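Hello,

Here is the structure I promised to pass on to you. Please open it alongside this note, and then read on for what turned up.

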Amino acid sequence: MRKEYTKEEILKLAEANDVRYVRLQFTDLLGIVKNVEIPVDQLPKALDNRIMFDGSSIQGFVRIEESDMYLAPDRSTWLVFPWDTPQGKVARLICDVNLPDGTPFAGDPRSVLKRVCEKARAMGFSAFNVGPEPEFFLFKLDENGKPTLDLNDEGGYFDWAPVDLGENCRRDIVLALEQMGFEIEASHHEVAPGQHEIDFRYAEAVEAADNLTTFRLVVKTVAREHGLHATFMPKPLYGINGSGMHTHLSLFRDGQNAFYDPEGEMGLSETALHFVAGLLEHARAFTAICNPLVNSYKRLVPGYEAPSYIAWSGKNRSPLVRVPAARGMSTRVEVRSPDPSCNPYLAIASLLAAGLDGIERELEPPPPVNRNIYMMTEAEKEEAGIRSLPSNLNEALDALIRDQVIMEALGDHVLLHFIEAKRIEWNMFRTQVTEWEREQYFTIY
């Protein structure tokens with residue numbers, strides 16, 4: 001749980017750390033970090049929620065005639081970046097976005113997640129913990145500082161130097177994160193060459209989403225210092241594994257893990273089973289949010305460890321939802337489809353909304369699938385009732401607009417602007433003529 005600083009404490013910390021500038025951060029609809037940077041003498045004004053910005057310039061926000069918006073800093077997110085600039089230290093505060101009357105802006109992704117978490121509290125749950133496992137690739141920069149497609153190592157899963165040449169960069173990322181208060185649980189080379197994973201301790205939902213936005217910023221900043229380009233693009237290269245963000249979820253009630261029942265099947269409570277059923281019920285819809293790029297669907301294919309089928313299991317890793325072996329306070333479910341390009345606030349909100357619907361309606365999950373689904377025939381999958389995740393972004397968007405639960409969780413404003421942006425992305429992609437097409441067809445036809 002983060003410390004909630006007072007205004008006076010933040011001003012003292014800024015002075016003690018020689019902070020010269022403060023970044024007031026928020027995310028747009030697509031999860032891209034935006035910030036208004038202010039000199040430190042404007043910090044008292046910011047802490048009184050009096051910093052205004054033009055919302056019409058931000059993806060998915062508002063039209064120009066209704067553009068005035070205010071940033072409301074969350075004082076528990078005060079953080080001084082561990083790197084120096086020629087102008088001095090820089091700090092940040094993550095902000096909610098408010099309308100001029102002080103009410104939350106419906107298109108603010110952070111406010112969307114807060115609203116769904118409030119529903120969980122209204123249902124009697126005291127906490128929703130989220131533990132993400134984001135993966136990323138490191139590529140070399142050219143002599144002009146531009147990213148190339150040359151990987152910086154030929155390492156594999158759990159390799160180390162000299163095969164893993166990203167080890168020093170990864171270590172410096174971990175050190176920077178630890179200086180910023182992250183509790184790192186694991187850091188290792190992933191399966192593909194140039195691919196890495198750093199796992200940090202779970203947190204309550206909003207804090208977990210905040211941590212992900214900070215994590216992505218730190219990874220890119222430190223990689224650049226090492227002459228490398230870090231990318232969270234889900235599938236940057238053909239023929240090797242893509243980058244996922246397996247996401248661990250657990251609900252608590254009165255300080256106790258609501259997913260654990262020592263007398264239940266697999267040690268799981270009825271609440272956990274209903275939650276899993278909700279995830280499976282709404283999986284095709286939340287895929288549009290958790291896998292939001294055209295490129296995301298190049299990862300969700302058989303053969304590269306990413307899930308492509310809607311099923312669950314406590315034993316194998318081919319289904320969409322896995323129940324790790326830990327029980328007691330560590331009982332949780334793992335959703336394996338999200339990728340690190342998603343807007344973490346919207347992705348976590350959609351996963352929670354799906355699970356809560358399963359609890360509200362007391363949905364029962366199908367039997368767990370303890371076989372390798374990739375080895376099953378189509379007839380066997382059909383007999384087991386195993387559906388597939390959407391095969392492309394357009395199909396996922398179609399599933400989203402048919403799912404009332406996920407649509408209500410996102411709200412009309414977010415839904416309208418998200419779908420509009422993503423339909424444009426899909427149409428731009430589908431009308432492109434690629435090099436693959438020219439190689440296949442240009443001389444033959």
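Below I go through the domains, the interface they share, and a few side-chain pairs.

Please keep in mind that this is a predicted model.

**The two domains**

The domain assignment splits the protein chain into domain 1, covering 5-98, and domain 2, covering 113-433. Their C-alpha centres are 28 Å apart.

**Where they meet**

On the domain 1 side, 20 residues are in contact with 22 residues of domain 2. Together the two domains bury about 1,600 Å², and 64% of that lies on carbon and sulfur atoms. If you like to put a number on an interface, the accessible area lost when the parts come together is often the one given.

As for polar links, five residue pairs are in polar contact across the interface of domain 1 and domain 2, with both residues of each pair at pLDDT 80 or more. Three elements each give two or more residues to the side of domain 1 that touches domain 2: strand E1 (19-27), strand E5 (79-80) and strand E6 (89-98). Of these, E6 provides the largest share, with three residues. Sorted by class, that side of domain 1 has 11 nonpolar, six polar and three charged residues.

The rule also finds one salt bridge across the interface of domain 1 and domain 2. You may want to display Asp 96 and Lys 114 as well: they form a salt bridge in which the closest N and O atoms are 2.6 Å apart.

**Salt bridges in the whole structure**

A search of the whole structure gives 21 salt bridges. One of them pairs Asp 210 with Arg 110, with 2.8 Å between the closest N and O atoms. This pair links distant parts of the chain, as Asp 210 sits in helix H5 (residues 205-225) and Arg 110 in helix H3 (residues 109-122), 100 residues apart.

**Aromatic pairs**

How many aromatic pairs does the structure hold? There are 14 of them. Among them are Phe 128 and Phe 275, whose ring centres are 6.3 Å apart and whose planes stand at 45 degrees, so this pair counts as tilted. Here too, distant parts of the chain are linked: Phe 128 belongs to strand E7 (residues 127-141) and Phe 275 to helix H6 (residues 270-281), with the two residues 147 apart.

Happy to talk any of this through once you have had a look.

Best wishes

Definitions and conventions
Residues are numbered from 1 along each chain as its sequence is written. This is a predicted model: local features need pLDDT of at least 70, side-chain atom pairs count only at pLDDT 80 or more; totals for chains, interfaces and linings use all residues. Side-chain values use heavy atoms; hydrogens and water are left out. Domain bounds come from an automatic or database domain assignment. Contact means heavy atoms within 4.5 Å. Buried area is the accessible area (1.4 Å probe) that two parts lose on being put together, summed over both. A salt bridge is a side-chain nitrogen of Lys or Arg within 4 Å of a carboxyl oxygen of Asp or Glu. A polar contact is a pair of N or O atoms within 3.5 Å; within protein, one must be able to donate a hydrogen and the other to accept it, and residues adjacent in sequence count only if both atoms are side-chain atoms. Helices (H or I, at least four residues) and strands (E, at least two) are DSSP runs, numbered from the N terminus. Ala, Val, Leu, Ile, Met, Phe, Trp, Tyr, Cys and Pro count as nonpolar, Asp, Glu, Lys and Arg as charged, and the others, Gly among them, as polar. Rings of Phe, Tyr and Trp (its six-membered ring) pair if their centres lie within 6.5 Å; planes under 30 degrees apart count as stacked, over 60 as edge-to-face and the rest as tilted.
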